[in-house]
Amino acid sequence: MSMLEDPAQPDLESCRGTMSTEEDAKWLQWVTHQFETIAEKDREINLQQFKTALNVKESFFAERFFTLFDSDGSGTITLQELLEALTLLIHGNPMDKLKFLFQVYDVDGSGSIDADELRTVLRSCMRESAISLPDEKLDQLTLALFESADKDCNGAITFDELRDELQRFPGVMENLTISAAHWLTPPAAPRRARALTWAYWHNHRSHLLCLAAFAGLHLLLFALAASEHRARGASVMVAKGCGQCLNLDGSFIAVLMLRRCLTWLRATWLAQVLPLDQNIQFHQFVGYVVIVLSLVHTVAHIVNFALQAQAEASPFQFWELLLTTRPGIGWIHGLASPTGVALLLLLLLMFACSSSCIRRSGHFEVFYWTHLSYLPMWILLILHGPNFWKWLLVPGTLFFLEKIIGLAVSRMAALCIVEVNLLPSKVTHLLIKRPPLFHYRPGDYLYLNIPTIARYEWHPFTISSAPEQKDTIWLHIRSEGQWTNRLYESFKTSCPMDCDPKPLSRSLKMKRSQRRPESLEHQHIHSGTSVQGAVAYSKDVTVELTSYRPKGTPQQGDQGLVSTAVTKEGAQARWRAIAEPGQVSEKSSENHLFCNIKCYIDGPYGTPTRRIFASEHAVLIGAGIGITPFASILQSIMYRHQKRKNICPSCQHSWMDSAQDEDMKLHKVDFMWINRDQRSFEWFVSLLTKLEMDQAEISQEGPFLELHMYMTSALGKNDMKAIGLQMALDLLAKKEKKDSITGLQTRTQPGRPDWNKVFQKVAAEKKGKVQVFFCGSPALAKVLKGHCEQFGFKFFQENF
């Protein structure tokens, strides 16, 4: 029986503390039930069953916990032994828990912990938290914790010394437990649905008002059409009422996909009134309404035809009324009935092929081609209903104008993918030569077509480069679907399609063509030297960057990764001056390719993130690849912020202008990036390193940009399987002024964020009106939306 782990949730912690007698009895009953399920007939648990049940990844902890739980040394754990141990860990006082922890760390049972025992424990902690660090870094962590705890320098940590060390971390001793035992946690009570509170109304008022207007307009149209045909019976009234509503929906559904018009509207005051950011959701909602109304409309007509066919005076049979033009029903040659049947079949086909199981299971082409049936549907609707053309005239004209403009712009001239980087976590980084008239704003997206991957497929991707970067457009594409996987695999092969056989010559030409008189400040932000690689780890006096080759600075024979080791001061100078790296050791790799591949783009199109620059205090939250929109935004924010910086030529004193850009009202930016594992940080962390260095040069009260990194697979300080490692990471980060996991100055926090604490801190800063921008999974979006309602923050979600 396998139990999955949720490392961010202190499962047993929800059961501890002030537990009532009734709750305690229920918990004991639950534990007994789960024990019996695992122990089966012998009513005892062996080591393998214990390890599986607790989902402990590292054998070291499984064996240590099992040994300490097995009080009689029989090699198995009985229910009584389990309850005694869990009672100590859950209801015991901090001293009891600390004694248990000390016994776990004291591997040889000598009554003290030596450096080798501590190293063994920390290695097991790293494996339990899915953290991978080199042996040198493990030694540094061990020494940092050992030297801090061994106060008397006798070469061993005693119980009292471990207790004193833990007391430096407030709240840890009181909350110490073993997390991740789902089988020991009673199922949570079902959540009550959120009421229509003032906070909910504040965050969704435009959405709710539009839904109310939409429903009211449908009721009005239905009532008017039904009353006009009340003499013909109830079935005709229902059919005509639904038909009139379908006239509206059949044209309005096109309005919701006018991407260029919606992008333009985002720059007007209407963006504050209309829920433009939910156009896709409204499009889907209107689609469901169309399906329901069409079915009701069809059933009503079938009932009417059946009644007519049964009438003695009727010259037509039922099937003739339903399928032929003989009865003359309709305004063009009696086509209403056959076109209605064709419309319903097309609509049901489109609906079935639009389901998420089709779109996300590698069959995007099915969704794409069946969705193009809107063209024959509109033609059939014009033939079917006498008034539909009037409803379609304006939105249809705008829709086709957009299509024509998009086709003309995208196909006017083919662009080139000039460089490709294959990054960790199967992320493909494309550098596309930027067209001269391609103007966009941070966070915008475009549609990309690469004929060599799929001739007719266009896929939307967020632009990850800042608008201030004039030469190329960056796209970071995560391999999750059929098309994106084909893209990644095509470049992963040894000789990908159309790769430039002379990358050095072409890159040298690009470098010379891009030279222009620019200030160092300007280059500092948007030069192509901003690398997209990974900070691997840091040694004593160096920052070791494993980075992808900057555009325009190739070395002979370079087709791979560049490993550059420089001092901290040298690293800052390298970023400031955009200088050539001093010591470059090259590795042959297929992860970096200079290419000349034809592609087409359509866009740019606006997103909710355009509102960021109008915020006073912006909280940007990205989960996994959801960081992509914020890559462009963070670079642009720092560029605009640095434009306000002045330096005295005499004394080199720097200060910031009080005047802000017209488009930028930001006083503070909090950026939060949540990743499951360590490797997911690698592909974007060098840009964050650059941003930290930028900010270090800005002398002002408090940081303008504050980074928060979370690794959900890492166990928190309250977990006995992680407390030693997290303490060591804290100590070494304080000593080296950088995080051992990412190399950033910002410490990577284990587990998931405590959103209550996060938003409380944001609210306490009082930097102005708070707006939260999120890009990531819908499940996390619901959680964040609820917290934003609680704190009165405005919430915006990027469609992911």
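**Close-up views of a predicted model**

**View 1. Cys153 and its positive phi.** Cys153 counts as exposed, at 66% relative accessibility. Here exposed means over 50% relative accessible area, buried under 20%, and partly exposed in between, with a 1.4 Å probe and protein chains only. Before going further: this is a predicted model, where local features need pLDDT of at least 70 and side-chain atom pairs count only at pLDDT 80 or more, while totals for chains, interfaces and linings use all residues. Residues are numbered from 1 along each chain as its sequence is written, and side-chain values use heavy atoms, with hydrogens and water left out. Back to Cys153: it sits in the loop between α7 and α8 (159-166), and its phi is near 55°, positive although the residue is not a glycine. Helices (H or I, at least four residues) and strands (E, at least two) are DSSP runs, numbered from the N terminus.

**View 2. Two more backbone oddities, at Ala130 and at Gly603 and Pro604.** Most residues other than glycine have a negative phi, and most peptide bonds are trans. Ala130 goes the other way with a positive phi of about 60°. You'll find Ala130 in the loop between α6 (115-128) and α7 (135-149), partly exposed at 37% relative accessible area. The bond joining Gly603 and Pro604 is cis, with omega at about 5°, and Pro604 belongs to strand β12 (residues 592-605).

**View 3. Lys668 and its salt bridges.** A salt bridge puts a side-chain nitrogen of Lys or Arg within 4 Å of a carboxyl oxygen of Asp or Glu; by that rule the count is 16. Lys668 pairs with Asp670, the closest N and O atoms being 3.6 Å apart, and with Glu706 at 3.0 Å, N to O. Because Lys668 lies in strand β16 (residues 668-675) and Glu706 in strand β17 (residues 705-711), the pair ties together parts that are 38 residues apart in sequence. Lys668 and Glu706 are both buried, and so is Asp670. Shared partners link Lys668, Asp670, Glu706, Lys761 and Glu765 into one network.

**View 4. Arg168 with Glu165.** This salt bridge spans 3.1 Å, N to O. Its two ends differ in cover: Arg168 is partly exposed at 42% relative accessibility, whereas Glu165 is buried at 1%.

**View 5. Phe671 in the largest nonpolar core.** A nonpolar core is a set of buried Ala, Val, Leu, Ile, Met, Phe, Trp, Tyr and Cys residues joined through side-chain atoms within 4.5 Å. The largest one has 88 residues, with Leu620, Phe671 and Leu688 making the most contacts inside it. Helix α26 (residues 723-736) supplies the largest share, 7 residues. A second, separate core of 27 residues includes Val420, Tyr440, Ile463 and Phe491. Contact means heavy atoms within 4.5 Å, and beyond four places in sequence Phe671 touches, among others, Leu620, Ile627, Phe630 and Glu706.

**View 6. Ser464 in a loop.** Ser464 lies between β6 (459-462) and β7 (472-478), and counts as buried at 0% relative accessibility. Leaving out neighbours within four places in sequence, its contacts include Trp474, His476, Thr628 and Gln635.
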